[in-house]
Amino acid sequence: THGQYNHVALAIDPYNLIEARGCGIIIRRLKKYKNKQLYEIKLLRVRYLKKEKIKLVLDHAFMLKKKNGKHGRWIIALFLIVLGFRGKKVGHTCSGLVAECFAKVEYYFRKDKDALRITPADIAKAKGLENVSNEL
């Protein structure tokens with residue numbers, strides 16, 4: 001993405017993340033990213049977001065994961081590419097997933113940009129976030 005940050009995910013709990021990858025929306029262990037030789041992690045928290053809203057954010061992510069089956073999405077994308085379709089992107093980017101989930105509780109990383117077009121850099125620059133990386 002040409003920015004300082006190139007991937008974002010939602011923390012489910014202290015051990016797991018939900019993220020959008022090329023193969024779809026997946027759950028992955030956080031420990032994969034704790035290798036400091038390979039990854040630089042910055043853990044951000046949305047200030048003043050109540051637990052009920054955090055639950056809604058995660059519920060939406062789980063709903064998208066369930067709805068977004070791995071194989072079906074790839075078959076549809078391949079079919080559209082073969083037909084030359086160049087319209088709306090199929091599937092989620094990592095930052096688009098995070099932004100869409102937070103938009104469900106009316107928190108926007110950028111109000112001037114559609115949630116699915118948000119980049120990791122947009123999230124890193126957003127107001128109202130606090131760095132809680134020391135909690136890792």
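Among contacts (heavy atoms within 4.5 Å) in the protein between residues at least 6 apart in sequence, 59% join residues at least 24 apart. The model is a predicted one, in which local features need pLDDT of at least 70 and side-chain atom pairs count only at pLDDT 80 or more, whereas totals for chains, interfaces and linings use all residues. Residues are numbered from 1 along each chain as its sequence is written, and side-chain values rest on heavy atoms, with hydrogens and water left out.

The protein has four helices and five strands, these being DSSP runs numbered from the N terminus (H or I over at least four residues for helices, E over at least two for strands). Read from the N terminus on, the elements follow the order β-β-β-β-α-α-α-α-β. Of the 136 residues, 33% count as buried, a term that stands for under 20% relative accessible area, with exposed meaning over 50% and partly exposed in between (1.4 Å probe, protein chains only).

Helix α3 (residues 94-103) is a useful place to start. Because 10 of the 10 residues of α3 are buried, this helix is largely enclosed by the rest of the structure. Its buried residues pack against β1 (10-11), β2 (16-21), β3 (24-29), β4 (44-46), α1 and α4 (120-125).

The packing of α3 with helix α1 (residues 51-67) has an angle of about 130 degrees, with the axes 8 Å apart. That makes α1 oblique to α3, since angles under 35 degrees count as roughly parallel, over 145 as roughly antiparallel, 65 to 115 as roughly perpendicular and the rest as oblique. In this contact, Val57, His60, Ala61 and Leu64 of α1 meet Leu97, Glu100, Cys101 and Phe102 of α3. The residues of the contact divide into six nonpolar, one polar and one charged, where Ala, Val, Leu, Ile, Met, Phe, Trp, Tyr, Cys and Pro count as nonpolar, Asp, Glu, Lys and Arg as charged, and the others, Gly among them, as polar.

Phe102 also belongs to the largest nonpolar core, a set of buried Ala, Val, Leu, Ile, Met, Phe, Trp, Tyr and Cys residues joined through side-chain atoms within 4.5 Å. Of the 25 residues in this core, Leu10, Phe102, Tyr107 and Phe109 touch the most other members, and the largest share, six residues, comes from α3. Not counting residues up to four places away in sequence, Phe102 touches Leu10, Val46, Leu49, Val57, Tyr107 and Phe109.

Beyond α3, the loop between α3 and α4 holds Lys113, which at 26% relative accessibility counts as partly exposed.

Terms used
Axes fitted to C-alpha atoms, helices over the stretch in contact; angles between N-to-C directions.
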